[in-house]
Amino acid sequence: MKTNASARSAAFALAMGSLVGPWAAAADWPGFLGPQRNGKSAETGLLQAWPEAGPPLVWQCPLGTGYTAPAVASGKLVEYGRFGDATRLTCRDARTGDELWRSEHPTAYTDMLGYNDGPRCSPVIDGNRVYTHGAEGLLRCVGLADGEEVWRLDTSRRFHVVKNFFGVGSTPVVWQGLLIVNVGGSPPGGPSDVYAARGNVQGAGSGVVAFDKLTGKVRWQTTDELASYASPVVVEQGGRPWCFVFARGGLVSLNPSSGEVDFQLPYRSAKLESVNASTPVAAVNRLFLSETYEVGGATLEFGPGGHKLLWADRQRRRDKAMQLHWNTPILHEGYLYGSSGRHSGSAELRCVDFQTGEVKWSEPGLARASLLYADGRLVCLTEDGILRLLRPSPDKYDPVSEHRPVDDRGRRLLRGDAWVAPVLSAGLLYVRGEDRLVCYDVRQR
């Protein structure tokens with residue numbers, strides 16, 4: 001299940017010091033893109049440069065098929081993947097990799113475009129519960145302590161969801177007593193999938209649905225928007241909460257308390273096989289969103305009166321600033337850092353001014369990448385399984401360290417496609433490749 005787990009467990013527990021007792025809540029990474037769903041960690045005391053051999057490897061384990069990131073809270077790590085005809089949620093000791101429990105449900109999902117057949121939505125930990133949303137739309141709540149199922153709901157059947165290109169891929173968000181999901185339902189009796197509909201899929205007022213997180217009962221539902229692969233975010237601004245859902249057809253801004261829609265912004269390429277997959281990034285009263293197929297990026301200002309665009313790539317026929325595929329950029333000190341480009345060969349890591357869209361620098365040749373920010377550094381994982389530590393700067397691409405994860409025999413640990421953003425919790429860095437999860441200790445000694 002893991003490498004040298006029994007020998008490593010006791011020694012590493014001792015090295016973890018006070019964190020071996022009550023897990024520091026501030027160190028939790030409870031869901032997709034972290035505690036604020038922005039790819040940033042408040043942890044400090046981390047390595048500012050890695051040793052030549054890379055940061056110390058703590059543990060590793062094989063994974064099922066899928067594109068999901070792990071979630072970490074209270075010293076437990078949960079990961080979600082497909083094994084044969086079952087999708088499995090596995091809980092491990094976050095410090096040692098030891099398996100604590102597993103919970104499975106059957107699946108028959110097949111990808112319409114030949115990508116893998118595992119889940120796309122990352123698990124979400126909220127207190128003593130874990131939420132998962134499978135590729136076929138099965139929404140489940142299980143206990144964090146033992147994996148026992150609390151409730152389940154088949155969203156695809158309940159809301160007549162027309163199958164999209166890559167199945168269900170928008171990770172739900174927990175806000176107060178609600179689990180908010182970009183469901184994207186349609187009227188009953190519709191086409192079986194987006195191709196059968198020739199792209200003309202109708203909505204049915206269940207674009208975004210809020211469920212009672214304790215029972216699974218519907219609390220509100222709103223909009224005719226269809227589901228995307230971007231995940232909802234909730235922020236506080238102007239004395240109230242704002243929920244942003246970058247749905248298939250564009251942005252929806254709503255009040256998560258009631259589902260009341262503030263405004264909608266159509267934002268999608270006209271190409272049939274285009275998708276919105278990059279999660280919006282918010283700061284104060286501004287929001288950035290992007291897609292890679294045609295429209296590109298934009299920053300808008302939002303408030304009670306609606307919104308206005310500050311800049312938008314779609315106004316430029318060429319030389320678009322930031323066209324994000326499945327990665328979400330990091331916003332740091334007024335600048336966005338992200339991987340712009342649809343294909344590996346043409347993708348560039350870029351720094352873009354959040355307010356104006358000005359490209360400060362571009363670094364080609366890295367393929368597509370995902371980023372994490374912590375303690376003055378960017379951790380960059382490229383899809384070929386290479387890790388880099390970067391110093392964020394609007395002046396230049398500033399690499400500090402590079403590491404190619406390999407095992408004791410020199411074999412690659414992170415095989416492509418390494419499309420999942422890194423995770424950080426309590427000084428441990430978790431990165432996944434196509435079929436393996438690897439844990440590094442990145443704390444200063």
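**Exercise 1. Find the residues with the most contacts inside the largest nonpolar core, and the strands that supply this core.**

Solution. Start with the term: a nonpolar core is a set of buried Ala, Val, Leu, Ile, Met, Phe, Trp, Tyr and Cys residues joined through side-chain atoms within 4.5 Å, where buried means under 20% relative accessible area with a 1.4 Å probe, protein chains only. The model is predicted, with pLDDT of at least 70 needed for local features and 80 or more for side-chain atom pairs, while totals for chains, interfaces and linings use all residues. Residues are numbered from 1 along each chain as its sequence is written, and side-chain values use heavy atoms, without hydrogens and water.

Step 1: the largest core holds 33 residues, and Trp-59, Tyr-430 and Val-431 have the most contacts inside it.
Step 2: at least two residues each come from β2 (57-62), β27, β28, β29 (387-390), β31 (423-425), β32 (428-432) and β33 (436-441). Strands are DSSP runs of E, at least two residues, numbered from the N terminus.
Step 3: a separate second core has 16 residues, among them Val-233, Leu-287, Val-295 and Leu-300.

**Exercise 2. Describe the largest cavity and its lining.**

Solution. A cavity is a set of points on a 1 Å grid over the protein atoms alone where a 1.4 Å probe fits but cannot get out; lining residues have an atom within 4 Å of a point. Grid points are joined across faces, edges and corners, and the volume is the space filled by probe spheres set on the points.

Step 1: the whole structure has four cavities of 30 Å³ or more, and the volume of the largest is about 110 Å³.
Step 2: its lining consists of 13 residues, with Leu-46, Leu-47, Val-379, Leu-389 and Val-442 nearest the centre.
Step 3: β27 (369-374) and β28 (377-382) each give at least two residues to this lining.
Step 4: sorted by class, the lining has 10 nonpolar, one polar and two charged residues. Here Ala, Val, Leu, Ile, Met, Phe, Trp, Tyr, Cys and Pro count as nonpolar, Asp, Glu, Lys and Arg as charged, and the others, Gly among them, as polar.

**Exercise 3. Give the strand order of the open sheet that contains β3, and name its edge strands.**

Solution. Two strands pair if DSSP finds at least two bridges between them.

Step 1: the order is β3-β4-β5-β6, with antiparallel pairing.
Step 2: β3 (71-73) and β6 (99-106) are the edge strands, each pairing on one side only.
Step 3: between β4 (76-83) and β5 (86-93) there are eight bridges; Val-78 has Cys-91 in β5 as its bridge partner.

Definitions and conventions: Helix = DSSP H or I, 4+ residues; strand = E, 2+ residues; numbered from the N terminus. 1 Å grid on protein atoms, 1.4 Å probe; cavity = no way out; pocket = protein on both sides within 12 Å on 5 of 7 lines; lining within 4 Å. Buried < 20%, exposed > 50% of the residue type's maximum accessible area, 1.4 Å probe, protein only.
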